[in-house]
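Below are some notes for a colleague who is opening this entry for the first time. Please read them with the sequence and the model side by side.

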Amino acid sequence: MLGFLVRLLPFWIREPLIILVGAVFGVRILFMALVDGEGWVPAVIGAVFLLGAALRVRVVVHALRARHRRAPATEAELEPVTPVPVTPVPVTPAVRRPVEKKPNAFAQASFAIGLFAVIGGALWIEGKLPEDGTAATGASRPAACRLDEDEELPSAYRSTPGAVTGADLCRALNRTELPELLGTPAERSVYASGTDNTAPLTDRKVAQPEARVEFETYTVELSATYNKLTVAQYAKLTTYGDGRDARKLTVLGRPALLTSDHMMKIQFDLGSGEGASGPVEQGPLARTLTVAFDGKDRGGSYDLTVWSEAGLLPDDSALVDIAEAVLPRITRGARDQD
């Protein structure tokens, strides 16, 4: 349909428009291939666009030369003509017709380029417009949550009253103000996901949904564990280990505990030859804020964990601010109410 509409345009509008589109797309695709490292396939596509634009330029140049080239005089026109006496014949006055103006090639080409510039400017402005009010405040639109919607929900969720899912946690955690709470307001989330897991060593009988949001600097993970362990009992367990960084506090009127621990790092070789499988290694240090489900601490808790591959950690106040902003927004979705 688009090709048919393009063919309906006059020659001096159609050709400059095709040249401009081919050149813009060709340069952009080549930039993606050579600078962004997209591979050789985009490079070939970009080269094809540029080649097509070059061929169209040649067609336009030949058309312009043909318009300005005058036809050569024939031999009959060059021979002198002998005047012959002609009997005067009454001549009827001819009706003067308006001279048809030939289309101005330069004006048509300029109009086509201007039209394309207007369309491109409109698309650029549309991309800069605020979406849901986020761009007006300088916040970036978060990445969409990736969910395993086709996977069957474990039975532990159906047997646990009020249990939320990974989708519910991701929806609450993946918010536009999260980078600002982390102290990196210029960043935007590059990945977000929610999973419906169960707690380890429980024979899949304890629901433990998780949500993860990744930024260039930090990774934030939110999980909910529906077991009988209270925050007070968990605080006592930390005294048997290295609990020097543990700190008790109250968040949203509920008992809470701040702890530190190292993440686990596992490396697998998937046949690429770039690495080898190895044992579990110690990963970067993470800071976790554990908050009870209610003020009476009757069992179960939310765990908010933040870490960075570079070993950086935000202040403890940032974790508290995130918990106060995110936990009240956790609500059950329609999937969990089936």
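1. A salt bridge, as the term is used here, is a side-chain nitrogen of Lys or Arg within 4 Å of a carboxyl oxygen of Asp or Glu. Asp 168 and Arg 171 fit this description, since the nitrogen and oxygen of their side chains come to 2.6 Å. Both residues belong to helix H7 (residues 166-173), where a spacing of three residues separates them by about one helical turn. The two partners differ in their surroundings: Asp 168 is buried at 2% relative accessibility, whereas Arg 171, at 43%, is partly exposed.

2. Before going further, please keep in mind that this is a predicted model. In outline, the chain has 338 residues, of which 32% are buried, and its secondary structure consists of 10 helices and eight strands. If one takes the contacts between residues at least 6 apart in sequence, 64% of them join residues at least 24 apart.

3. How many salt bridges does a search of the whole structure find? The search finds eight, and besides the pair in helix H7 described above, Arg 212 deserves attention. Arg 212 forms one salt bridge with Glu 221, at 2.9 Å from nitrogen to oxygen, and another with Glu 214, where the closest N and O atoms are 3.9 Å apart. Arg 212 itself is partly exposed, with 28% relative accessibility, and Glu 214 is likewise partly exposed at 25%, while Glu 221 is buried, its relative accessible area being 15%. Elsewhere, salt bridges link Arg 175, Glu 177 and Arg 329 in a network.

4. Helix H7 also takes part in the one disulfide that the structure holds, which is formed by Cys 145 and Cys 170 with their sulfur atoms 2.0 Å apart. The pair links distant parts of the chain, for Cys 145 sits in the loop between helix H5 (105-128) and strand S1 (146-147), and Cys 170 lies in helix H7, 25 residues apart from Cys 145. The angle about the S-S bond is -95°, and the link of Cys 145 and Cys 170 is described as left-handed. Is each end buried or partly exposed? Cys 145 is partly exposed, with a relative accessibility of 28%, but Cys 170 is buried at 0%.

5. Turning to the aromatic rings, the count comes to three aromatic pairs. In one of them, the rings of Phe 25 and Phe 49 have centres 5.9 Å apart and planes at 20°, so the pair is stacked, planes under 30 degrees apart being the criterion. Because Phe 25 lies in helix H2 (residues 11-34) and Phe 49 in helix H3 (residues 40-68), the pair ties together parts that are 24 residues apart in sequence. Both rings belong to residues that are partly exposed, Phe 25 with a relative accessible area of 42% and Phe 49 with 33%.

6. Phe 293 and Tyr 302 offer another arrangement, for their ring centres are 4.8 Å apart and their planes stand at 75°, so the pair is edge-to-face, which requires an angle over 60 degrees. Tyr 302 is buried, with a relative accessibility of 11%. Ring pairs also bring in Tyr 226, which is linked with Phe 293 and Tyr 302 into a cluster.

7. In soluble globular proteins, nonpolar side chains tend to be buried together. Here the largest nonpolar core has 37 residues, and the members that touch the most others are Leu 173, Leu 222 and Leu 289. Helix H10 (residues 316-326) supplies the largest share of this core, namely five residues. When its neighbours within four places in sequence are left aside, Leu 289 is in contact with several residues, among them Leu 249, Val 251, Leu 258, Leu 304, Leu 319 and Ala 323. Tyr 302, the buried ring of the preceding point, is also one of the contacts of Leu 289.

8. Lastly, which residues of helix H9 (residues 231-238) are buried? Val 231, Ala 235 and Thr 238 are buried there, and they cover an arc of only 55° around the axis, which means that they are on the same side of H9.

Conventions:
Residues numbered from 1 in each chain as written. Predicted model: local features only at pLDDT ≥ 70, side-chain atom pairs only at ≥ 80, totals over all residues. Heavy atoms only, no water. Phe/Tyr/Trp six-rings, centres within 6.5 Å; stacked < 30°, edge-to-face > 60°. Helix = DSSP H or I, 4+ residues; strand = E, 2+ residues; numbered from the N terminus. Buried < 20%, exposed > 50% of the residue type's maximum accessible area, 1.4 Å probe, protein only. Disulfide = S-S within 2.5 Å. Core = buried A, V, L, I, M, F, W, Y, C linked by side-chain atoms within 4.5 Å. Contact = heavy atoms within 4.5 Å. Arc of directions from axis to C-beta.
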